[in-house]
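Here is a small set of exercises to work through with the structure open beside you. Try each task on your own before reading its solution.

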Amino acid sequence: MNIKLGEGVAGKVAKTGVEVMANHTDESREELGYQANYFMSVPLKKEDKILGVLNLTDKEGDFFNDVDVKVARYIASQCALGVDRFNVYRDMRKSENLRVIGMLNSSIAHDIKNLLHIVQSYLELIDMEEGLNPDMQDYINAIHLEVKRLHGLSLDLLDFSRQRVSINLETFKVSEMFTEILKHATIMTKDTNISVELNIINDLTMKVDRGKLFRVLFNLVSNAIDALENDGKVVLSCEADGECVVFKVRDTGKGIPREYLSKLFQPFFTSGKAKGTGLGLAIVQMIVEAHNGTISVDSEEGLFTEFIVRMPYNYESFKELHK
Ligand SMILES: Nc1ncnc2c1ncn2[C@@H]1O[C@H](COP(=O)(O)OP(=O)(O)OP(=O)(O)O)[C@@H](O)[C@H]1O
Ligand SMILES: [Mg+2]
């Protein structure tokens, strides 16, 4: 039987940490509804923490007295030590299991990443064939896109299980990356009334991890497209601000409920999607912060959502300057 904390005598002892001793006559016991004549309940304490309760009932032929309480306190202190050691052991087992699961994840993600590279290379070879009919070309484009997403996901999982982001610097123009994102977004929204627009206020030359920035923006654009279902607009924009670049991904979708805003970047938080893993934004944040950047969100339910990423456009010189 489960008694809630604070319910019954033992429950009260567990809640307050104060021992209880009750000696009743047969009559008073019946009147009060107690099951035992003599009852003592002592808390199992480790420092200020209550780990459990030791209950003693019906001492043979006698009432419980103060000496019994002292003995019970001693037994309780020994039991508390045992319970505490067991808890420590259980927590260690748990974190060890998590560590092993993490290792397994990263080794699987690593293998998937390599296998997808091979699939991608074969796809590129097929793509180079002359005279493919347009349907076939469409299918190849679709496979390309899905493979790319899987590849991105496996890289995200790798970063996530390592809990560290390695940065490989590359120099490129923002417009070039935006065009690539637009190409993918166009395929993703092919059979919908969703429009994806680019707004390049300053076409900066960036020196950051290109692959990772691509994943950041692609994750945000994918989320924006998901939020639109079938109709609406996504705008991906970029503007210079001192030594930083500010990217905005704005959509006219369903918006984010206020109570979700604080949970968005937590790993495995997902809502309203059949296939969401809830890792996208957690990884986006990890990548942005690894570049000394910030990410924030503004949204109104039923109207819009806007994610704002601010980061140095030249990570190398930024690091040099802020050493
Ligand atoms: N633009 C947006 N509009 C409305 N809700 C959003 C938007 N972006 C994110 N969300 C909400 O935040 C949740 C978390 O997003 P996140 O990208 O971390 O995970 P996910 O998209 O559910 O799964 P995945 O790991 O496949 O990306 C989403 O499930 C969605 O509910
Ligand atoms: Mg997502």
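**Exercise 1: An unusual backbone angle**

Glu-47 sits in the loop that joins strand 2 (38-46) to strand 3 (49-57). Keep in mind that this is a predicted model.

Task: Find the phi angle of Glu-47, and decide whether the residue is buried or exposed.

Solution. Start with the backbone: phi of Glu-47 is near 50°, a positive value in a residue that is not glycine. To see what makes this worth a look, recall that most residues other than glycine have a negative phi. Next, take the surface. Exposed means over 50% relative accessible area. Glu-47 has 67% relative accessibility, so it counts as exposed.

**Exercise 2: A second case**

Task: Locate Phe-268 among the helices and strands, then describe its phi and its exposure.

Solution. First, the place: Phe-268 belongs to the loop between strand 8 and helix 7. Second, the angle: its phi is positive, about 70°, although Phe-268 is not a glycine. Third, the surface: with a relative accessible area of 56%, Phe-268 is exposed.

**Exercise 3: A histidine in a helix**

Task: Work out whether His-184 is buried or exposed, and which residues it contacts beyond its neighbours within four places in sequence.

Solution. Begin by finding His-184 in helix 5. The cut-off for buried is under 20% relative accessible area. At 8% relative accessibility, His-184 is therefore buried. Now look around it: leaving aside neighbours within four places in sequence, His-184 is in contact with Leu-145, Lys-148, Phe-214 and Phe-218.

**Exercise 4: The largest nonpolar core**

Task: Name the residues that touch the most other members of the largest nonpolar core, and the element that gives the largest share.

Solution. The core has 45 residues, and Leu-213, Leu-217, Leu-220 and Phe-247 touch the most other members. Elements giving two or more residues to this core include helix 5 (174-188), strand 5 (193-200), helix 6 and strand 8 (244-251). The largest share, ten residues, comes from helix 6. To see one member up close, turn to Leu-213: not counting residues up to four places away in sequence, it touches Phe-172, Met-177, Met-206, Val-208, Phe-247 and Met-311. Apart from this core lies another, of ten residues, with Tyr-38, Met-40, Leu-54 and Ala-76 among them.

**Exercise 5: Helix 7**

Task: List the buried residues of helix 7 and say what covers them.

Solution. Helix 7 spans residues 280-290, and its buried residues include Leu-281, Ala-282, Ile-283, Val-284, Met-286, Ile-287 and Val-288. Their cover includes helix 4 (134-162), helix 6 (210-228), strand 9 (294-300) and strand 10 (304-312). After the helix comes Asn-292, with a positive phi near 65°.

**Exercise 6: Around ligand 1**

Task: Describe the shell of residues around ligand 1 and find polar contacts to its oxygen atoms.

Solution. Of the 19 residues around ligand 1, those that come nearest are Asn-223, Thr-270, Lys-273, Thr-277 and Leu-281. By type, the shell divides into eight nonpolar, nine polar and two charged residues. Helix 6 gives the most, with three residues. For the contacts, an N or O atom in the side chain of Thr-270 is 2.6 Å from an oxygen atom of ligand 1. The backbone takes part too: a polar backbone atom of Gly-278 is 3.0 Å from an oxygen atom of ligand 1, and a backbone N or O atom of Gly-280 lies 3.1 Å from one. Taken alone, ligand 1 exposes 600 Å², of which the protein buries 91%.

Terms used
Residues numbered from 1 in each chain as written. Chains lettered and ligands numbered in written order. Predicted model: local features only at pLDDT ≥ 70, side-chain atom pairs only at ≥ 80, totals over all residues. Heavy atoms only, no water. Buried < 20%, exposed > 50% of the residue type's maximum accessible area, 1.4 Å probe, protein only. Helix = DSSP H or I, 4+ residues; strand = E, 2+ residues; numbered from the N terminus. Contact = heavy atoms within 4.5 Å. Core = buried A, V, L, I, M, F, W, Y, C linked by side-chain atoms within 4.5 Å. Near = heavy atom within 4 Å. Polar contact = N/O pair within 3.5 Å; in protein donor to acceptor, adjacent residues only side chain to side chain. Areas by Shrake-Rupley, 256 points an atom, 1.4 Å probe, with all protein chains shown as cover. Nonpolar A, V, L, I, M, F, W, Y, C, P; charged D, E, K, R; others polar.
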